[in-house]
Amino acid sequence: MQKWPKKKTQYPLIALVFFIFIVFSILYNEIYIHEIHSKHNTHNHGDGDSSTSAKEEEEEDPLFQTVKNLTIPRIPPVPLDKSSACHSTVKYSGRRAEWDSFRTESSGRREMPETCDYFSGEWVFDNSSHPLYKESYCPYMSDQLACHKHGRQDLEYQYWRWQPHHCNLKRWNVTEMWEKLRGKRLMFVGDSLNRGQWISMVCLLQSVIPADKKFMTPQAHLSIFRAEEYNASIEFLWAPLLVESNSDDPVDHRLSERILRPDSLLRHSSEWMHADILVFNSYLWWRQGPVKLLWSTEENGVCEEIDGLGGMELAMEAWANWVDSNVDPVKKVFFVTMSPTHFTKGEWEPGSEGNCYNEKLPLNGTYWGVDSDLPTMQMVERTLARLGSKVNVLNITQLSDYRKDGHPSIYRKFWEALTPERLADPASYSDCIHWCLPGVPDVWNELLFQFL
């Protein structure tokens with residue numbers, strides 16, 4: 001059999017030529033880039049201009065780094081999540097983010113256009129006009145807030161109406177509210193208390209929308225109720241600390257330490273920036289001890305520890321900077337003040353032990369619970385005052401403080417199993433943070449309706 005001679009391949013020669021071409025290309029580009037930088041620096045230093053050159057500005061910018069005369073963008077920081085951890089922790093250095101647009105001068109207190117103080121008043125029992133909806137008629141009710149469903153038999157908590165001292169609230173009107181929202185996105189942003197206000201708003205409005213014209217999209221961090229007829233949506237965005245944090249998972253956020261980026265809002269602001277009406281809150285999560293700051297420019301995982309109030313102030317500054325930079329007269333922004341808790345019965349009934357469990361009536365007269373932290377209120381007031389009319393305040397703290405009867409206590413679904421010992425002591429596991437629905441958050445939304 002005749003054997004054909006093997007043909008020699010040209011691949012090694014081609015590979016060698018290609019390699020030489022790549023090497024010469026790299027060397028040429030390095031020389032060319034170096035010449036550009038040299039000419040640029042000569043031009044900047046030769047014109048007598050004392051301003052910082054573009055290259056110097058890039059080198060000072062924390063998002064850029066210089067390697068062998070080449071200015072390249074830094075790698076963005078790894079997003080925080082529940083697995084994030086500090087490599088080490090030091091005391092807070094006093095550092096603050098440098099916000100370019102946030103005014104340092106006070107522009108005056110934000111005033112509502114109305115002359116009446118709608119936040120000063122009393123609770124009046126009214127079983128003719130309240131509740132504004134029935135718990136069982138709202139298919140979007142949360143088991144965390146459905147107190148009657150979970151065994152609460154005293155329903156008086158549903159019948160209290162807020163009455164300002166020297167004026168009246170506008171009567172709730174579902175159709176008028178939908179017209180205010182036509183073609184718009186209303187978004188609640190914050191923690192589980194703001195989620196309760198969102199559920200309240202959905203329950204207040206959903207009954208007039210035909211079943212085939214309303215849709216609920218319960219996404220991980222952004223839940224959306226949409227009314228097709230009005231081309232409108234009512235949304236909730238989970239952002240308990242306003243800035244980026246390791247607690248941004250709306251379900252799995254029970255962590256041993258809170259880590260946040262006090263100079264980063266993008267994770268949340270990229271969602272809320274497109275809304276027409278924004279309702280923010282933030283408070284409760286700052287009351288759980290110190291937090292750890294991991295600045296966006298920190299590359300070695302070193303965190304700074306700060307108390308909750310100090311951390312909240314940094315987060316509020318970041319949020320206020322966004323508002324100052326992005327809010328125009330068309331966009332409406334509201335900030336809801338802190339929602340009070342009722343864990344110490346001795347405050348309203350001296351000498352007694354317990355908490356909100358088995359409380360059935362509101363408080364009368366003047367009352368301010370210790371859990372409604374005054375230094376926090378004062379810090380929030382200072383921050384909001386610098387924003388002038390760009391933010392309206394829903395000051396729900398005092399009026400809600402009277403409602404020791406409005407919490408779920410034991411009448412809700414608990415996600416963890418309760419031991420026989422705890423079940424034998426109802427006060428030990430009572431929820432004195434959130435609010436039954438129908439109930440107090442409905443009034444917060446009546447106030448929102450008043451000011452829209």
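Biologist: Which elements each supply at least two residues of the lining of the second largest cavity?

Modeller: This is a predicted model: local features need pLDDT (the predictor's confidence in each residue, from 0 to 100) of at least 70, side-chain atom pairs count only at pLDDT 80 or more, and totals for chains, interfaces and linings use all residues. A cavity is a set of points, on a 1 Å grid over the protein atoms alone, where a 1.4 Å probe fits but cannot get out, and its lining residues have an atom within 4 Å of a point. Helices (H or I, at least four residues) and strands (E, at least two) are DSSP runs, numbered from the N terminus. At least two lining residues each come from α4 (192–205) and α10.

Biologist: Which helix gives the most to that lining?

Modeller: The residues around the second largest cavity include Ser192, Leu193, Gly196 and Gln197. With four residues, the most is given by α4.

Biologist: How many charged residues does the lining of the second largest cavity have?

Modeller: Asp, Glu, Lys and Arg count as charged, Ala, Val, Leu, Ile, Met, Phe, Trp, Tyr, Cys and Pro as nonpolar, and the others, Gly among them, as polar. This lining has six nonpolar and four polar residues, and the number of charged ones is zero.

Biologist: What is the volume of the largest cavity?

Modeller: Grid points are joined across faces, edges and corners, and a volume is the space filled by probe spheres set on the points. The search of the whole structure finds four cavities of 30 Å³ or more. The second largest holds about 50 Å³, and the largest has about 70 Å³.

Biologist: Which helix gives the most to the lining of the largest cavity?

Modeller: The largest cavity is lined by 13 residues, and among those closest to its centre are His130, Trp160 and Asp442. Three lining residues, the most from one element, come from α10 (residues 440–451).

Biologist: Where does the cis bond that begins at histidine 130 end?

Modeller: Most peptide bonds are trans. The bond from histidine 130 is cis, with omega near 5°. Its second residue lies in the loop between β4 (121–125) and β5 (160–164). The bond ends at proline 131.

Biologist: What is omega near for the cis bond from leucine 437 to proline 438?

Modeller: Proline 438 sits in the loop between α9 (420–423) and α10. For the cis bond that leads to proline 438 from leucine 437, omega is near -5°.

Biologist: Which strands are the edges of the four-stranded open sheet?

Modeller: Two strands pair if DSSP finds at least two bridges between them. The order is β3-β13-β12-β10, with mixed pairing. The strands that pair on one side only are β3 (88–91) and β10 (259–260).

Biologist: What angle does helix α6 make with β13?

Modeller: Strand β13 (residues 302–306) runs antiparallel to β12 (residues 291–293), joined by three bridges. Helix α6 (residues 308–326) packs on the sheet, in contact (heavy atoms within 4.5 Å) with both β12 and β13. Axes are lines fitted to C-alpha atoms, for helices over the stretch in contact, and angles run from 0 to 180 degrees between N-to-C directions. The angle is about 110°.

Biologist: What is the mean pLDDT of the chain?

Modeller: Residues are numbered from 1 along each chain as its sequence is written, and side-chain values use heavy atoms, with hydrogens and water left out. Of the residues, 80% reach 70 or more, and the mean is 85.

Methods: 1 Å grid on protein atoms, 1.4 Å probe; cavity = no way out; pocket = protein on both sides within 12 Å on 5 of 7 lines; lining within 4 Å.
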